[in-house]
Amino acid sequence: MMKQNKSWMLLLGVLLSFSLLLGACSTNGGAKETGETAESSGSGGNAGKDETVELSWYTIGTPQKDVNRVMEEVSKYTAEKIGVTIKMTQIDWGDYTQKMQIATSSGTPMDIMFTSSWAFDYVQNARKGAFYEIDDLLKEQGKGIVETLDPAFLEGSKVDGHNYGIPAKKELPALEVWRFNKTLLDKYNLSMDGIYTLESIEPLLKTIKDSEPDITPFAITKDYMPVLPYDYLISNLPMVVSLDKGDYKVVNVLETPELKAALDTMHSYYKKGYVSPEAATTNGLDDTQKSGKWFLDRAATTPFADNLWSASYGYPVVSTPASESMIFNWSVMGSMQAISANSEHPEKAMEFLNLLNTDPVLRNMIDSGIENVHYKKTADNAMENLDESKNYDMPTFSLGNVTLTYLNTGDPENKWDEYKVFNEAGKVAPTLGFNFDSTSVTTELASIQNVKGEFWSALMTGTVDPNEYLPKAIEKFKAAGLDKVIAEAQTQLDAWKAANPK
């Protein structure tokens with residue numbers, strides 16, 4: 001957001017308030033053929049040029065070459081619709097949490113930001129006051145969001161009884177899959193049959209390593225985590241609860257046999273050259289995926305995700321399950337947009353988010369870029385990427401209501417009906433609905449985060465020998481106060497379980 005002097009900001013605020021009041025008193029027209037609802041047009045539709053404000057939007061993903069070019073087109077549309085323009089700042093996957101923590105702590109001006117259970121933690125940052133409480137905004141400027149979202153999303157993402165973010169309308173369960181570059185799978189006549197565990201992929205990795213010296217057999221980043229039968233109470237920190245035992249006991253995941261076995265396997269893969277030597281410091285795989293110089297990785301899936309990935313990369317991608325389908329707190333909160341607590345335009349920010357989640361024209365422009373430049377439509381609700389899409393390849397799940405996006409090549413007409421089937425098939429995690437309040441252990445958690453920075457990525461990617469480094473990590477985590485945090489989490493979980501018998 002551009003800085004302006006205080007008198008101008010005061011005048012602008014008065015003008016905006018007046019325009020919002022007039023808009024609230026006016027009667028909206030009927031829904032347009034674009035799919036825009038009366039609510040999605042916002043109370044500031046057709047705002048005069050002098051009333052247009054710029055919204056600063058921080059979101060996750062590898063920065064794209066054409067992001068400013070696309071936002072110029074987006075801004076023309078949103079200026080006409082609701083009197084706002086958009087300045088998007090992308091921060092790469094592995095850097096997002098740290099850079100956003102610095103930005104919010106320093107008071108960097110911003111209006112909208114991506115948050116989730118796994119990046120720039122939604123619950124913890126809501127409690128720290130980073131986000132604007134949006135209960136009233138949802139009732140006024142966000143009516144379209146409330147109408148389109150399954151109530152489970154808004155109810156499941158409340159923090160201490162209030163909403164601070166808007167979940168993307170997408171899949172509810174988390175289902176991990178092994179993804180394969182199908183070109184290489186076919187070239188060596190390899191099969192996905194029998195692939196499920198981490199150990200089961202080794203014969204395929206060996207074939208690629210022996211035959212394709214320029215290909216990364218197992219492509220991972222510094223955020224890689226093995227699939228384990230545990231639920232993390234805070235994303236990627238050691239406090240976990242078993243998914244299978246039903247004992248609701250909080251334990252240190254670093255002391256579990258399942259993690260030790262996974263770390264041993266990853267270290268053996270690292271030594272055999274299946275994993276990149278730079279895995280522990282790799283932020284993203286965008287260049288690797290665009291070049292096709294990978295064979296296998298792991299990702300969270302959705303119905304017909306293979307079609308989306310294949311369209312995005314420009315070559316066929318296929319996948320097979322690597323986990324159960326589970327509904328966690330972090331999957332419900334897996335992709336959210338929040339309004340900054342220091343936003344000077346929270347009402348306008350909500351108007352934009354409402355439009356983003358209800359208007360197919362805007363949603364697809366932000367997702368796929370400029371029509372006939374980055375993509376072309378093949379039907380009213382279908383598209384295919386053009387060559388320029390390589391300069392604007394966005395993570396669809398992170399940008400709002402995915403059910404508004406155009407179908408990709410190979411997607412059936414009932415794709416969004418299949419999402420409902422997918423959501424209903426998810427198994428509910430025992431801790432769904434429990435959110436750990438870290439207020440009393442903030443000092444310990446800060447120390448634990450420092451220890452994590454020292455050991456976590458190196459261990460999880462197999463870069464270091466777990467026989468040597470895992471005991472060191474356990475010792476340092478304990479010295480940082482992990483046992484105290486686990487005890488506090490256990491007290492809270494016991495109280496929650498007593499109040500919510502299953």
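Two strands count as a pair here if DSSP finds at least two bridges between them. With that in hand, hello everyone, and let's walk through this model, which is a predicted one.

I'll start with the sheet. Five strands make up an open sheet with mixed pairing, and their order is E2-E1-E3-E13-E4. Its edge strands are E2 and E4, the latter spanning 166–167, and each of these pairs on one side only. As a quick reminder, strands of a sheet pair through backbone hydrogen bonds, either parallel or antiparallel.

At the E2 end, strand E1 (residues 53–60) runs parallel to strand E2 (residues 84–91), and eight bridges join them. If you want a spot to click on, Ile60 sits opposite Ile91 in E2. To get from E1 to E2 the chain passes through helix H2, residues 67–82, in a β-α-β crossover that is right-handed.

Now hop over to the other edge. E4 pairs with strand E13 (residues 336–339) in the antiparallel sense, over two bridges. There, Ile166 has Gln337 of E13 as its bridge partner.

Next, a pair of helices. How are H14 and H15 oriented to each other? Helix H14 covers residues 346–356, and it packs against H15 at an angle of about 90°, with the axes 7 Å apart. Angles of 65 to 115 degrees count as roughly perpendicular, so that is the label for H14 and H15. On the H14 side, the contact is made by Phe352, Leu355 and Leu356, while H15 brings Leu362, Arg363 and Ile366. By type, the residues of this contact come out as five nonpolar, no polar and one charged.

Keep following the chain from H15 (360–368) and you come to a loop that leads to strand E14 (375–379), and Asn372 lies in that loop. Its backbone deserves a glance: the phi of Asn372 is near 70°, a positive value in a residue other than glycine. For context, most residues other than glycine have a negative phi. Is Asn372 buried or exposed? Asn372 is exposed, because its relative accessible area is 57% and the cut-off for exposed is over 50%.

Asn236 is another non-glycine residue with a positive phi, of about 60°. You'll find Asn236 in the loop between strand E7 (230–232) and strand E8 (239–242).

Back to E14 for a moment. E14 and strand E15 (residues 382–385) run antiparallel and are joined by four bridges. A hairpin through two residues links E14 to E15, and Ala379 is bridged to Ala382 in E15.

On to helix H12, residues 305–313. Which residues of H12 are buried? They are Ala305, Asn307, Trp309, Ser310 and Tyr313. Among the elements covering them are strand E5 (176–181), helix H11 (286–291), strand E10 (294–300) and strand E11 (317–321). Right after H12 comes Gly314, with a positive phi near 85°.

My last stop is Met460, in helix H17 (residues 442–460). Met460 has a relative accessible area of 1%, and buried means under 20%, so Met460 is buried. Setting aside neighbours within four places in sequence, Met460 is in contact with Tyr224, Met225, Pro226, Leu254, Leu259, Leu263 and Met266. And here's a sequence-versus-space pair to try in your viewer: Met460 and Ala279 are 181 residues apart in sequence, with their C-alpha atoms 9.7 Å apart in space.

That's my tour, thanks for listening!

Key. Residues numbered from 1 in each chain as written. Predicted model: local features only at pLDDT ≥ 70, side-chain atom pairs only at ≥ 80, totals over all residues. Heavy atoms only, no water. Buried < 20%, exposed > 50% of the residue type's maximum accessible area, 1.4 Å probe, protein only. Axes fitted to C-alpha atoms, helices over the stretch in contact; angles between N-to-C directions. Parallel < 35°, antiparallel > 145°, perpendicular 65-115°, else oblique. Contact = heavy atoms within 4.5 Å. Nonpolar A, V, L, I, M, F, W, Y, C, P; charged D, E, K, R; others polar. Right-handed = clockwise from strand over helix to strand, strands pointing away.
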